[in-house]
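I opened this notebook to keep a record of what I looked up, in the order in which I looked it up. The entries go from the whole chain to single elements.

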Amino acid sequence: MSEDLMKGYDVTDLTSLEKLEPVRVRPGMYIGSTGTKGLHHCVWEILDNSIDEISNGYGNKATIIINKDKSITIIDNGRGIPTGIHPVKKKSGVEMVFTELHTGGKFNNKNYKTSGGLHGVGAAVVNALSSWLEVEVHQSGNIYKQRFEYAYDKELKRDMPGTAVTKLEIVGKTKETGTRVTFMPDKDVFSSTDFKVDIIDERLQELAFQNKGMYLELIDLRKDEFRKEYYSERGLLDFIEYLNESKTTLHDNPIYFEGERSVNNIQMFGELCVQFTDSTTENIASYVNNIPTKEAGTHETGFKTGMTRAFKEGAKKLGLVKEKDKDFEGDDLREGMTAILRIKITNPIFEGQTKTKLGSTEAYTMMNDLAYTKFNEWIEDNKEVASMLINNALQAAQRREKIKKINEAEKRKVGKGAAPLAGKVAVCTLKDNTVNEFIVVEGDSAGGSAKQARDRRFQTIMPSKGKIMNTEKQKLENVLASEELKIFNTALGTGTLDNYKEEDLKYDKIIIMSDADVDGYHIRTLWMTYIYRYMRPLIANGHLYLAQPPLYKVYKSVKGKEVHKYAYSDDELESVKKEIGKGALIQRYKGLGEMNPDQLWQTTLNPETRTLLQVTIEDAAKAEKMVSLLMGDIVEPRKTYMYKYGEF
């Protein structure tokens, strides 16, 4: 390090964070983000503790209540957090759990054989990110209560997050056992503190499917009271029926099996449910100790390997593949497959605190062996269905070869000097994939305005002729043959499906810009369906956005000059009209094409003034079901959904 850099840098420049301050300073390290996802992650951290209690045999019910003041309460009827005084720390177990990182009962296997909460930080993190938190424990005939706030810490002589403002006190008597945690997320931490019923609803539904016999409940006390109970008798069999509700299945009875294995003295339980549909894509929802692993991991890899091996051997035994024949690959076999994979494992190794990818090698060994053994048995007992699935895999392999030739031909065209983007895409001048934006604009008219309005340095414009095909209903070869999708794929550079390479992505943001009407929303949905099915990492890695064009321009002339503001919804229109004052005129935009380039830049393209909605996959199972429901062939579930949620 040079002397210049070292000047003025000494021990007094070093900062030491105390108690829960690290969480407050870097919340993203603990909950992933401070947006909606991170907000709900706080709920899961507390709920996971309740589920761990129940799934280990203590209690049978957990309840979530969204309170009128917008705080949230999680209740269970487990054993309750230990209330005794720790012999070394001289604090109650409750205070330790909520004020000290890496404190919990899950570091050994004495109290929990398996658990979702592993690092002993969940409760303390939630406390650190709340303006206040109250915990109530029912235990040993007593009701214990303690409150924590962002408040003055007597020891450190400054305001600190998660400070105990009361001692753990006995406030009543009870015959019940369990824990009740209520917290108010801090508005200074989160961009939104509005809990979403649909996100919590989906999570509780999944948990009920994963834990048959467990009772769960959701109550929302805001505005109109909402109450829903969750219970599943058949577990994963109910779950797969729920996921495939909008799909045509190829066999009536799902393939289901479970088993236990011990690898390197680690005891594991695996459960799997599989059903094939006429879809062209695979969908795997995987869980470890009830935690969704949306980035997959070793358990998924082991399952795929074992399943492929069993079916390849089965194909030869059934005489469907000869030694010299071209074989199918795992991807071919899994075309149209819906699978739910669930394992319970002691001390799993996750990649990152948010626990979205499993790294335990023992889980690979266990699921590989379990899948291979059980699928072998199933093929032997279900030769007719197995033969159909193998023949489908062989046909998929032939299509794959055909598609490979199409892709190679396209590459050769480019290699010979063909310019697939010339005249179709207005490419930006910078070559910086950390700032560049790729914007798909609905219609040639709006596309022309957008080309004039954009910042040519970093914004690339692709005018879309109209509605692309509904890729949910199309065979793979038809999708890859689409000229418009070819242009999109070539421009982004990543490839599709298993050929997708994040490092080849030429843009940081992919933005879909469509009119704010029914057709515009349909166009958005078609593009999102394609990207979800064929380029899912674009969504998972946070690259996909929806532009928000204004619905109205409100204006009037003041001393010969136009004063104007834009409104992006009917509700916002009223407040904007009040701002402009008497004599305000209203222009309703029917489409992007009505805006001149200056207006389009100011409202929709300028990073300083525009509004973008980021498209996320909160949960893969939920996203899969919604895409199939809204874009699939089966009408009845879609009709039911529209009547329930559509604002006609």
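What follows are my entries on the chain as a whole, one helix, one hairpin and the cavities.

**Entry 1, the whole chain.** I note at the outset that I am working with a predicted model. I looked up the secondary structure and found 21 helices and 22 strands in the protein chain. I then turned to burial, where 51% of the 648 residues count as buried. For the accessible surface of the chain I have a computed value of about 31700 Å², with 49% of that area belonging to carbon and sulfur atoms. I also looked up the contacts with a separation of 6 or more, and 68% of them are accounted for by residues 24 or more positions apart.

**Entry 2, helix α15.** How many of the 10 residues of α15 are buried? I found 8, so I describe this helix as largely enclosed by the rest of the structure. The buried residues are E484, L485, K486, I487, F488, N489, A491 and L492, and I note that E484 and K486, both charged by residue class, are on that list. I then picked out A491, which lies in this helix, spanning residues 483-492. A491 counts as buried because its relative accessibility is 2%, where the cut-off is under 20%. I also looked up the separation of A491 from Y507, which is 16 residues away along the chain, and the two C-alpha atoms are 9.3 Å apart. Just after α15 comes G493, for which I wrote down a positive phi, near 85 degrees.

**Entry 3, the β8 and β9 hairpin.** Which way do strands β8 and β9 run relative to each other, parallel or antiparallel? I found that β8 (residues 215-220) and β9 (residues 226-230) run antiparallel and are joined by 5 bridges. Across this pair, I219 stands opposite R227 in β9. The two strands form a hairpin with 5 residues between them, and in the turn I noted K223, whose phi is positive at about 40 degrees.

**Entry 4, cavities.** I looked for enclosed space and found 3 cavities of 30 Å³ or more, the largest of which holds about 50 Å³. Which residues line the largest cavity? I listed D515, A516, P549, P550, Y589, K590, G591, L592 and M595. Sorted by class, this lining has 6 nonpolar residues, 1 polar and 2 charged.

Conventions. Residues numbered from 1 in each chain as written. Predicted model: local features only at pLDDT ≥ 70, side-chain atom pairs only at ≥ 80, totals over all residues. Heavy atoms only, no water. Helix = DSSP H or I, 4+ residues; strand = E, 2+ residues; numbered from the N terminus. Buried < 20%, exposed > 50% of the residue type's maximum accessible area, 1.4 Å probe, protein only. Contact = heavy atoms within 4.5 Å. Areas by Shrake-Rupley, 256 points an atom, 1.4 Å probe, with all protein chains shown as cover. Pairing = 2+ DSSP bridges. 1 Å grid on protein atoms, 1.4 Å probe; cavity = no way out; pocket = protein on both sides within 12 Å on 5 of 7 lines; lining within 4 Å. Points joined across faces, edges and corners; volume = space filled by probe spheres on them.
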